[in-house]
Amino acid sequence: QVQLVESGGGLVQAGASLRLSCAASGRTASVYNMGWFRQAPGKERDFVAAITRSSGRTYYADSVKGRFTISRDSAKNTVNLQMNSLKPEDTGVYYCAASAAPLGGTSVSFAHDYNYWGQGTQVTVSS
């Protein structure tokens with residue numbers, strides 16, 4: 001089993017920045033990809049970004065390209081999401097996820113392909 005704990009959410013104004021972190025524990029050696037998803041009230045959980053644990057290859061949703069950066073610290077088993085130029089539409093609960101199988105291409109954006117999830121952290125961007 002892998003446990004994921006997110007931190008770093010909060011309330012900010014449009015244009016501000018936030019940094020989310022996800023700490024992984026347990027059988028972390030079994031993790032291939034880690035990702036961030038977000039869910040706004042009444043909407044589905046959407047893909048935000050993902051990173052391949054071994055190679056560091058990154059993937060982004062079109063809506064966050066150029067504003068968000070995902071990174072990993074393998075020594076600390078953490079994945080970070082630096083969010084700049086935040087917009088009100090970035091508001092939602094942000095979830096960290098980990099996959100126990102290699103994901104690539106479009107599969108990194110499918111929530112059902114991830115095996116482990118954190119509890120989520122709220123990000124609210126006011127206009």
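A residue is called buried when its relative accessible area is under 20%, exposed when that area is over 50%, and partly exposed in between. These classes recur at each stop of the tour, and the model under inspection is a predicted one.

**The whole chain**

Begin with the entire protein chain in a cartoon representation. Eleven strands and zero helices are present, so the order of elements along the sequence is β-β-β-β-β-β-β-β-β-β-β. Switch to a C-alpha trace and view the chain along its principal axes: the C-alpha atoms occupy a box of roughly 40 × 25 × 25 Å. The radius of gyration is 13 Å, which agrees with the value near 14 Å for a compact globule of 127 residues.

Next, display the surface. About 6400 Å² is exposed by the protein chain, and carbon and sulfur atoms supply 48% of this area. Of the 127 residues, 40% are buried. Among contacts with a separation of 6 or more, 57% link residues 24 or more positions apart. If the charged side chains are then coloured, the chain shows 12 positive and 8 negative charges, whose mean positions lie 7 Å apart.

**Strands β1 and β3**

Select residues 2-7, which form strand β1, and show the side chains. They alternate between two faces: Val-2, Leu-4 and Glu-6 point to one face and are buried, while Gln-3, Val-5 and Ser-7 point to the other and are not buried. Now add residues 18-26, strand β3. The two strands run antiparallel and are joined by six bridges. Within this pairing, centre on Val-5, which stands opposite Ala-23 in β3.

**Thr-78 and the turn before it**

Ala-23 leads to the next selection, since Ala-23 is among the contacts of Thr-78. Thr-78 lies in strand β8, residues 78-83. Is Thr-78 buried or exposed? Its relative accessibility is 17%, and Thr-78 therefore counts as buried. Beyond its neighbours within four places in sequence, Thr-78 is in contact with Cys-22, Ala-23, Ser-71, Arg-72 and Asp-73.

Step back to Asn-77, found in the loop between β7 (68-73) and β8. Asn-77 is not a glycine, yet its phi is positive, about 55 degrees. With a relative accessible area of 22%, Asn-77 is partly exposed.

**Ser-85**

Move on to the loop between β8 and β9, where Ser-85 is placed. Ser-85 also has a positive phi, about 50 degrees, although it is not a glycine. Its relative accessibility of 40% makes Ser-85 partly exposed.

**Ser-109**

Continue to the loop between β9 (92-99) and β10 (116-117), and select Ser-109. Which class does Ser-109 fall into? Ser-109 is partly exposed, because its relative accessible area is 26%. Show the side chains of Phe-37 and Phe-47: apart from neighbours within four places in sequence, these are the residues in contact with Ser-109. A distance label drawn from Ser-109 to Leu-81, 28 residues away along the chain, gives 16 Å between C-alpha atoms.

**Ala-29**

Finish at Ala-29, in the loop between β3 and β4 (33-39). The relative accessible area of Ala-29 is 74%, and Ala-29 is therefore exposed. A last distance label may be drawn to Gly-120: the two residues are 91 apart in sequence, and their C-alpha atoms are 22 Å apart in space.

How values were computed
Residues are numbered from 1 along each chain as its sequence is written. This is a predicted model: local features need pLDDT of at least 70, side-chain atom pairs count only at pLDDT 80 or more; totals for chains, interfaces and linings use all residues. Side-chain values use heavy atoms; hydrogens and water are left out. Helices (H or I, at least four residues) and strands (E, at least two) are DSSP runs, numbered from the N terminus. The radius of gyration is taken over C-alpha atoms; the globule rule is 2.2 Å times the number of residues to the power 0.38. Buried means under 20% relative accessible area, exposed over 50%, partly exposed in between (1.4 Å probe, protein chains only). Contact means heavy atoms within 4.5 Å. Accessible areas come from the Shrake-Rupley method with a 1.4 Å probe; for residues, only the protein chains shown count as cover. Lys and Arg count as positive and Asp and Glu as negative; His and the chain ends are not counted. The place of a charge is taken as NZ of Lys, CZ of Arg, CG of Asp or CD of Glu. Two strands pair if DSSP finds at least two bridges between them.
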